[in-house]
Amino acid sequence: MQPLEEKDIRQSFLNCSKGEASRIRLPAGFAEGSVPWADLDFLGWTDPGAPLRALLVVPGQDGLTGLVLRRPEAYKPNALRSSMCRICLTDHAASGVTLFVAPLAGAAGRKGNTVGEYICADLACSLYVRGKRQPKMRLVRREETLTLQQRIDRAMANLAAFTHRVAVG
């Protein structure tokens, strides 16, 4: 992913107001330039000032698409359960995947309509796909025959489908 400018990130959000976008805190390390852009396919983070708010900025053919997401309040998951991220298809212990909910864009979102998706709780799908981060508490990892590029393409197609569902309201 190409490095992004703050103004481009803030202008990309399609399911919140400009005022809300201006108050979003950028990811840790953004100002210092420590975001690992070369390992990312999209930028995802939890707002340090609002821990129940997560954000995604996804590059696409029509430019950047930014989404504001809500994560559920903390709960104690069953440690024996496992879950799979619907973006990168990484298996995690139950606490490693969270249902993120996004208000729809436009009038539908202002009426309270939302859409949700199960995504890696740390929004690090790009790192899991590349094998640069391993899921916690997973003893067995499924091996795939897809190439790295095919896995990246699949994850980005899954993410594009989710952003499209939010965008069309």
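Helices (H or I, at least four residues) and strands (E, at least two) are DSSP runs, numbered from the N terminus. The views below show a predicted model, in which local features need pLDDT of at least 70, side-chain atom pairs count only at pLDDT 80 or more, and totals for chains, interfaces and linings use all residues. Residues are numbered from 1 along each chain as its sequence is written, and side-chain values use heavy atoms, with hydrogens and water left out.

**View A. Helix α5 and its surroundings.** Helix α5 spans residues 148-168 and comprises 21 residues. From its first C-alpha to its last, α5 reaches 30 Å, close to the 30 Å expected at 1.5 Å a residue; the expected span of a helix is taken as 1.5 Å times one less than its number of residues. Residues of α5 that are buried (under 20% relative accessible area; exposed means over 50% and partly exposed in between, with a 1.4 Å probe and protein chains only) are Ile152, Arg154, Ala155, Met156, Leu159, Phe162, Thr163 and Val166. The cover over these buried residues includes β2 (53-60), β3 (63-70), β6, β7 and α4 (125-129). Gly169, which follows α5, has a positive phi, near 60°.

**View B. Phe162 within helix α5.** Phe162 is located in helix α5 and counts as buried because its relative accessibility is 0%. With neighbours within four places in sequence left aside, Phe162 is in contact (heavy atoms within 4.5 Å) with Leu67, Leu69, Ala102, Val115, Gly116, Glu117 and Ile119. Phe162 and Ile87 are separated by 75 residues in sequence, and their C-alpha atoms lie 8.7 Å apart in space.

**View C. Strands β6 and β7.** Strand β6 (residues 97-103) is largely enclosed by the rest of the structure, because 6 of its 7 residues are buried. β6 pairs with strand β7 (residues 114-120) in the antiparallel sense over 7 bridges, where two strands pair if DSSP finds at least two bridges between them. Within this pairing, Thr98 stands opposite Ile119 in β7.

**View D. Phe100 in strand β6.** Phe100 is found in strand β6, and it counts as buried because its relative accessibility is 0%. Leaving aside neighbours within four places in sequence, the contacts of Phe100 are Ala54, Leu69, Arg70, Arg71, Val115, Gly116, Glu117, Ile119, Cys120, Ala121 and Leu123. Phe100 and Asn113 are 13 residues apart in sequence, with a C-alpha to C-alpha distance of 14 Å.

**View E. Arg71, a buried side chain without a salt bridge.** Arg71 occupies a place in the loop between β3 and β4 (82-84). Arg71 is buried yet has no salt bridge, that is, no side-chain nitrogen of Lys or Arg within 4 Å of a carboxyl oxygen of Asp or Glu. The nearest side chain of opposite charge, Asp122, is 7.8 Å away; Lys and Arg count as positive and Asp and Glu as negative, while His and the chain ends are not counted. A polar atom of the Arg71 side chain lies 3.0 Å from the backbone oxygen of Ala121. Not counting residues up to four places away in sequence, Arg71 touches Thr46, Pro51, Leu52, Ala54, Thr98, Leu99, Phe100 and Ala121.

**View F. The salt bridge between Asp41 and Arg130.** The structure holds 9 salt bridges. One of them joins Asp41 and Arg130, whose closest N and O atoms are 2.7 Å apart. This pair links distant parts of the chain, 89 residues apart: Asp41 is in the loop between α2 (18-23) and β1 (43-46), and Arg130 is in the loop between α4 and α5. Asp41 counts as buried at 14% relative accessibility, whereas Arg130 is partly exposed, with a relative accessible area of 21%.

**View G. Salt bridges of Arg86 and Arg154.** Arg86 forms a salt bridge with Glu117, with the closest N and O atoms 3.4 Å apart. Because Arg86 lies in the loop between β4 and β5 (91-93) and Glu117 in strand β7, the pair ties together parts that are 31 residues apart in sequence. Arg86 counts as exposed at 51% relative accessibility, whereas Glu117 is buried, with a relative accessible area of 9%. Arg154 forms a salt bridge with Glu144, the closest N and O atoms lying 2.7 Å apart. Arg154 lies in helix α5 and Glu144 in the loop between α4 and α5, so this pair ties together parts that are 10 residues apart in sequence. Glu144 counts as partly exposed at 30% relative accessibility. Salt bridges that share partners join Arg86, Glu117 and Arg165 into one network.

Methods: A polar contact is a pair of N or O atoms within 3.5 Å; within protein, one must be able to donate a hydrogen and the other to accept it, and residues adjacent in sequence count only if both atoms are side-chain atoms.
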